[in-house]
Amino acid sequence: MRELHAQGGCLCGEIRFRIDGPALGSGACHCRDCQYVSGGAPAYIFVIDKASLIIEKGEPKAFESVADSGNSRKRRFCGTCGTPLFAEDSAFPSIVTVKAGSLDDPSLFKVSAEFWTRSAPSWHLFTPAVPTFQKGPLDG
Ligand SMILES: [Zn+2]
Ligand SMILES: [Zn+2]
């Protein structure tokens with residue numbers, strides 16, 4: 001598993017965090033909820049252990065809803081600028097997903113799977129040679 005040593009934050013700078021630990025996965029989530037959060041595209045996310053995420057500045061706000069998976073999903077974002085940052089899933093309490101766009105260097109991200117493709121819009125271009133899944137164990 002690839003070790004991640006990355007820093008990130010929100011658009012306005014109120015929230016700053018770092019990741020120190022292995023990336024357990026990275027993918028694009030096409031669930032309907034992520035389309036709202038991302039503005040239309042899938043959510044591009046790293047999956048990491050909660051212990052690998054250190055919030056260094058600020059306190060993200062949270063919004064909880066029932067996701068396509070049926071799990072309860074808590075999304076964290078900056079209350080000032082609205083940047084989506086992290087999400088937690090009731091079925092996977094030890095992990096957290098981090099939005100690739102919130103990293104200082106988003107080029108660290110690579111799509112290794114696309115999931116919840118059943119709700120992907122017809123105009124989305126899938127990443128070539130990457131496995132796709134109609135559903136997923138967790139929403140981004
Ligand atoms: Zn902000
Ligand atoms: Zn999603």
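This is a short talk on the two zinc sites, the strands, the nonpolar cores and the salt bridges of a predicted model.

Some conventions before I start. Residues are numbered from 1 along each chain as its sequence is written, chains are lettered from A and ligands numbered from 1 in the order in which they are written. Because the model is predicted, local features need pLDDT of at least 70 and side-chain atom pairs count only at pLDDT 80 or more, while totals for chains, interfaces and linings use all residues; side-chain values use heavy atoms, with hydrogens and water left out.

Let me take the zinc ions, beginning with ligand 1. Which residues hold this ion? The protein donors of the zinc ion (ligand 1) are the SG atoms of C10, C12, C78 and C81, at 2.3 Å from the ion. A donor here is an N, O or S atom within 2.8 Å of the metal, or 3.2 Å for Na, K and Ca; water is not among the atoms, so sites may look incomplete. The angles subtended by the four donor atoms run from 106 to 114°, which makes the arrangement tetrahedral. That label requires all angles of four donors to lie between 85 and 135 degrees; four count as square planar and six as octahedral if opposite donors are over 155 degrees apart and all others between 65 and 115, and anything else is irregular. For reference, ideal angles are 109.5 degrees for four tetrahedral donors.

Along the chain, the donors of ligand 1 follow the spacing C-x1-C-x65-C-x2-C. Distant parts of the chain are linked here: C10 sits in the loop between β1 and β2, and C78 in the loop between β6 (72–77) and β7, 68 residues apart. Strands are DSSP runs of E with at least two residues, helices are runs of H or I with at least four, and both are numbered from the N terminus. C10 is buried at 10% relative accessible area, and C78 is buried at 1%. Buried means under 20%, exposed over 50%, partly exposed in between, with a 1.4 Å probe and protein chains only.

Now ligand 2. How many protein donors does this zinc ion have, and which are they? The SG atoms of C29, C31 and C34 serve as its protein donors, lying 2.1 to 2.3 Å from the ion. Their spacing in sequence is C-x1-C-x2-C. C29 counts as buried, at 0% relative accessibility, and C31 also has 0% and counts as buried.

Next, the strands. Strand β3 (residues 43–49) has five of its seven residues buried, so the rest of the structure largely encloses it. Six bridges join β3 to strand β2 (residues 16–29), and the two run antiparallel. In that pairing, S26 stands opposite F46 of β3. β3 also runs antiparallel to strand β8 (residues 95–99), joined by five bridges. There, I45 stands opposite K99 of β8. Two strands count as paired if DSSP finds at least two bridges between them.

On to packing. The largest nonpolar core has 21 residues, and F17, I19 and I48 have the most contacts inside it. β1 (3–9), β2, β3, β7 (84–89) and β8 each supply at least two of its residues. The most come from β2, which gives four. A nonpolar core is a set of buried Ala, Val, Leu, Ile, Met, Phe, Trp, Tyr and Cys residues joined through side-chain atoms within 4.5 Å. Leaving out residues up to four places away in sequence, I19 touches L4, H5, A6, I48, S52, L53, V98 and L103; contact means heavy atoms within 4.5 Å. Another core, of ten residues, lies apart from the largest one; among its members are C31, I45, V47 and W116.

Last, the charges. A search of the whole structure finds six salt bridges, each a side-chain nitrogen of Lys or Arg within 4 Å of a carboxyl oxygen of Asp or Glu. One of them joins R16 and D104, at 2.8 Å from N to O. R16 lies in strand β2 and D104 in the loop between β8 and β9 (114–115), so the pair ties together parts 88 residues apart in sequence. R16 is partly exposed at 26% relative accessibility, as is D104 at 46%.

Are the partners R73 and D89 buried or exposed? R73 is buried at 1%, and D89 is buried at 4%. Their closest N and O atoms are 3.2 Å apart. R73 is in strand β6 and D89 in strand β7, so this salt bridge ties together parts 16 residues apart in sequence. Finally, salt bridges with shared partners join R18, D20 and E56 into one network.
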